[in-house]
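Biologist: I'm new to this one, so please pick a single part and take me through it slowly. Explain the terms as you go.

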Amino acid sequence: MKVFVDTAELDEIKEANSWGILDGVTTNPSLIKKAVENRSNVDMKEYIREICRTVEGPISLEVIGLTAEGMVEQAEFLYEEFNPVNDNVVVKIPVNTNSSRSSSGDYEGLKALNKLSGEGIPTNTTLIMKPEQALLAAKAGTQYVSPFAGRIDDFIRSKVGLTRGEDYPKSAYHDSDWLKHSSYINLKDRYDYLEGDDLEDIFSDEEVAEVREKISDAGISSGAEVVASIKQIFSNYDYETEVLAASLRNSRQVREVAEAGTDVATIPFKVMGEMISHHKTEQGIISFSEDVVDEYEGLFG
Ligand code: E4P
């Protein structure tokens with residue numbers, strides 16, 4: 001699995017690159033905003049050039065247009081301006097730009113992908129929320145599809161009335177089994193003594209359907225499941241498009257998308273810290289350090 005860092009913060013990119021684990025970088029307009037808001041007089045072209053120089057692998061830079069024509073123009077600009085630096089630019093194109101935001105409908109993303117594919121400009125299709133979108137983007141010729149695992153989890157949790165910020169932090173693990181179980185318990189609280197039994201055998205078909213609808217997004221119960229489904233579809237048809245799991249919020253979610261066989265995981269810097277740490281490792285270091293005898297320490301001069 002390739003590991004990208006999901007940040008536009010140069011210090012984070014340089015640090016992660018020094019660990020020897022980094023295969024690429026993903027940015028988006030929000031990450032660029034976060035990276036530059038505490039700096040003054042940022043020379044954006046030079047800043048992006050420095051990102052491209054720092055890492056050998058693909059650097060995703062996103063367009064901001066809402067029409068196919070506008071996105072293609074911006075993609076050509078990004079590619080011509082920054083690809084010469086280190087031959088590693090990939091342009092991020094939204095899978096659709098939402099007909100409520102642009103007059104031209106939902107197909108602008110696909111049109112742009114198709115055009116850029118013909119021009120040989122590599123693309124990463126962003127804002128993928130379901131496998132069907134990934135299938136269309138692959139057909140249109142994209143190199144990467146980015147399913148937004150964390151935002152999919154947010155949506156499913158919102159359906160059961162959980163709100164980010166009030167009920168769970170951004171980094172919270174999405175436990176779809178727990179959601180399913182608690183939804184059954186809520187359905188008939190007199191049954192909560194049945195905890196642990198196979199609840200689907202106890203409830204009627206209508207009740208089971210009601211719970212399934214509530215805890216899923218059209219039958220998908222987590223962002224990691226979207227990643228697994230896309231992998232399955234691409235492997236059915238030998239598509240070369242790579243799956244780039246994005247919007248990852250915690251270390252366990254990284255594990256789940258890795259288990260699902262994602263080709264790439266783009267991981268926030270903070271989540272990389274969560275991946276490497278464990279309290280028993282910390283305790284182990286403390287006790288090993290306390291047990292060092294002079295004779296052993298003497299070996300190292
Ligand atoms: C990366 O390509 C995506 O833009 C990013 O992972 C989105 O993450 P978020 O849902 O935490 O904003």
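Modeller: Let's start with a word I'll lean on: buried means under 20% relative accessible area, exposed means over 50%, and partly exposed is in between (1.4 Å probe, protein chains only). What you see is a predicted model, where local features need pLDDT of at least 70 and side-chain atom pairs pLDDT 80 or more, while totals for chains, interfaces and linings use all residues. Residues are numbered from 1 along each chain as its sequence is written, and side-chain values use heavy atoms, leaving out hydrogens and water.

The part I'd pick is the barrel and the spaces in the model. Eight strands close into the barrel, running in the order β1-β2-β3-β4-β5-β6-β7-β8 with parallel pairing. Strands (E, at least two residues) and helices (H or I, at least four) are DSSP runs numbered from the N terminus, and two strands pair if DSSP finds at least two bridges between them. Look at β1 (residues 2-6) and β8 (residues 264-267): they pair in the parallel sense over four bridges. There, F4 stands opposite T266 in β8.

Now the spaces. On a 1 Å grid over the protein atoms alone, a pocket is an open set of points with protein on both sides within 12 Å along at least five of seven lines; a cavity is a set where a 1.4 Å probe fits but cannot get out, and lining residues have an atom within 4 Å of a point. Points join across faces, edges and corners, and the volume is what probe spheres set on them fill.

The largest pocket has a volume of about 730 Å³. It has 29 lining residues, and the closest to its centre are D6, L31, K34, K170 and P268. Helices α2 (29-36) and α13 (269-276) each give at least two residues to that lining. Sorted by class, the lining has nine nonpolar, nine polar and 11 charged residues. For the classes, Ala, Val, Leu, Ile, Met, Phe, Trp, Tyr, Cys and Pro are nonpolar, Asp, Glu, Lys and Arg are charged, and the others, Gly among them, are polar.

Helix α2 turns up again at the second largest pocket, where α2 and β5 (123-128) each supply at least two lining residues. This pocket holds about 290 Å³ of space. Its lining has 17 residues, with P29, E62, V63, P94 and L127 nearest the centre, and it splits into seven nonpolar, seven polar and three charged.

Stay with L127 for a moment. L127 sits in strand β5 and has a phi near 65°, a positive value in a residue other than glycine. Its relative accessible area is 31%, so L127 is partly exposed. S247 also has a positive phi, near 55°, and belongs to the loop between β7 (242-245) and α12. With 9% relative accessibility, S247 counts as buried.

Helix α12 brings us to the closed space. There is one cavity of 30 Å³ or more, and the largest cavity has a volume of about 40 Å³. Two elements, α11 (223-236) and α12 (251-259), give two or more residues each to its lining. Among the residues lining this cavity are D153, Y173, H174, S222 and E256. By class, the lining comes to two nonpolar, five polar and two charged residues.
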